[in-house]
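Colleague: I would like a close look at a single part of this model, its pockets. Please start with the smaller one, then set it in its surroundings.

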Amino acid sequence: MLCKAGRLIIALSVITAILPVVGRAQDFSGTHLAGTSLSYPMPPFTYEGSRVVSVDFRTSPEVLRALVPEPLVPNAAGELSAVIVHHHIVAPGTLSYYEAFLAIPVSHEGVAGQYIPVLYLDEAAAITGGREIWGFSKFGAEIQIVEEEGQVHASVQSLGVTLIDISVRPGDPLVPIPETPNAPIFNVKLIPSVEKGAPPDVLQLTATTLGNPKFTELRPGVGTLDFGSTPTDPLGRINVLEVLRAACYQYGFILDYGEVVYDYLAEGG
């Protein structure tokens, strides 16, 4: 059986045809020596059977406003979610990894969606691809999901500190599974300049809507949520005023290209 690195190499698309030729770099076309090679395949990515632990909670309006960049408008109820996932990509290659993130219901020009201020992953290829294509704010961390005696425990650790700690006791699966709206995911895509003191080369608000989302299991439950902090990840400053909902579920979707809905540099922001 191929290792993750081997599967990733096989999955890499031949993209040099759409990239500029630099000197005689075409002599090493399709390899890392070309200088224009990417470390990840291009969309779309098909996910199936991803296992999710989620807690919805309420925080203070001041904290929510501080987390959400303009021109996005945070929800008035002060709600957001902490989510930890064991993802499974099945195409264009196969790759499994853990991911955790915060998701905030927002709106942009009247369109409801979710803004994701931070994500944590344990897979380098998913970090670089997610950052460079869509602008997901991804960072490395240690993540796990463990289920024992009817209790699901999921956590994120960095620098020896537990940043996110979720426990959910799920109930019986819902049949049928209720339909949920497929709203866009908003991210701030930032690519800094190589020149000292210069503004970023790219600073955009992007929107991506998941294709063909499908829940294969949904088990609502009772959950708890705790945050911890490091100097670079002060999640402990997000006060959990009330846990609203908790669930464990499995789902799949297609992650394809998105669009730029606001250009901060063009708008002078």
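**The second pocket and what lies around it**

Modeller: The second largest pocket holds about 260 Å³ of space. This is a predicted model, and every value here is computed from it. The lining of this pocket is made by 13 residues, and those nearest its centre are Leu67, Pro234, Leu235, Arg237 and Ile238. Of the 13, 10 are nonpolar, 1 is polar and 2 are charged. Helix H2, residues 61-67, gives the largest share of that lining, with 3 residues.

H2 is also a useful way into the neighbouring loops. The loop between H2 and strand E2 carries Leu72. The relative accessibility of Leu72 is 1%, so this residue counts as buried. Setting aside neighbours within four places in sequence, Leu72 is in contact with Arg65, Val106, Ser107, His108, Tyr115, Phe186 and Leu205. Arg65 falls within the residue range of H2, while Val106, Ser107 and His108 fall within strand E4 (95-108) and Tyr115 within strand E5 (111-115). Phe186 belongs to strand E11 (185-191). The C-alpha atoms of Leu72 and Ala112 are 9.7 Å apart in space, with their positions 40 residues apart in sequence.

On the other side of strand E2 (73-74) in sequence, Asn75 sits in the loop that leads to strand E3. Its side chain reaches two backbone atoms: the oxygen of Pro105 at 3.0 Å and the nitrogen of Ala77 at 3.3 Å. Beyond its neighbours up to four places away in sequence, Asn75 touches Leu64, Ile104 and Pro105. Leu64 lies within the range of H2, and Ile104 and Pro105 lie within that of E4. Leu72 and Asn75 thus each have a contact in H2 and contacts in E4.

E4 brings us to the other pocket. About 1300 Å³ of space lies in the largest pocket. Its lining consists of 44 residues, and Gln114, Thr180, Phe215, Tyr249 and Tyr251 are nearest its centre. Six strands each supply at least two lining residues: E1 (45-58), E3 (79-91), E4, E5, E13 (211-227) and E14 (242-255). E14 supplies the largest share, 7 residues, and Tyr249 and Tyr251 are within its range. By class, the lining has 30 nonpolar, 7 polar and 7 charged residues.

Some of the loops have backbone features to check when you look at the model. The loop between E3 and E4, two strands that help line the largest pocket, contains Pro92. The peptide bond from Ala91 to Pro92 is cis, with omega near 10 degrees. A cis bond also joins Val175 and Pro176, with omega about -5 degrees; Pro176 is in the loop between strands E10 (161-170) and E11.

Two residues that are not glycine have a positive phi. Glu149, at about 50 degrees, is in the loop between strands E8 (142-148) and E9 (151-158). Leu159, at about 55 degrees, is in the loop between E9 and E10. Glu149 counts as exposed because its relative accessibility is 80%. Leu159 has 73% relative accessibility and therefore counts as exposed too, whereas Leu72 is buried.

Helix H3, residues 124-134, has as its buried residues Ala125, Ala126, Ile127, Gly129, Gly130, Ile133 and Trp134. In an α-helix there are 3.6 residues a turn, so residues three or four places apart point the same way. That spacing appears between Ala126, Gly130 and Ile133 in the buried set. At the start of H3, a side-chain oxygen of Glu123 comes to within 3.3 Å of the backbone nitrogen of Ala125. After H3 comes Gly135, with a positive phi near 90 degrees.

As for the chain as a whole, the parts above belong to a set of 4 helices and 15 strands. Of its 269 residues, 43% are buried. The chain exposes about 14200 Å², and carbon and sulfur atoms supply 57% of that area. Among contacts between residues at least 6 apart in sequence, 66% join residues at least 24 apart. The contact of Leu72 with Leu205 is one such pair.

Notes. Residues are numbered from 1 along each chain as its sequence is written. This is a predicted model: local features need pLDDT of at least 70, side-chain atom pairs count only at pLDDT 80 or more; totals for chains, interfaces and linings use all residues. Side-chain values use heavy atoms; hydrogens and water are left out. On a 1 Å grid over the protein atoms alone, a cavity is a set of points where a 1.4 Å probe fits but cannot get out, and a pocket is an open set with protein on both sides within 12 Å along at least five of seven lines; lining residues have an atom within 4 Å of a point. Grid points are joined across faces, edges and corners, and a volume is the space filled by probe spheres set on the points. Ala, Val, Leu, Ile, Met, Phe, Trp, Tyr, Cys and Pro count as nonpolar, Asp, Glu, Lys and Arg as charged, and the others, Gly among them, as polar. Buried means under 20% relative accessible area, exposed over 50%, partly exposed in between (1.4 Å probe, protein chains only). Contact means heavy atoms within 4.5 Å. Accessible areas come from the Shrake-Rupley method with a 1.4 Å probe; for residues, only the protein chains shown count as cover. A polar contact is a pair of N or O atoms within 3.5 Å; within protein, one must be able to donate a hydrogen and the other to accept it, and residues adjacent in sequence count only if both atoms are side-chain atoms.
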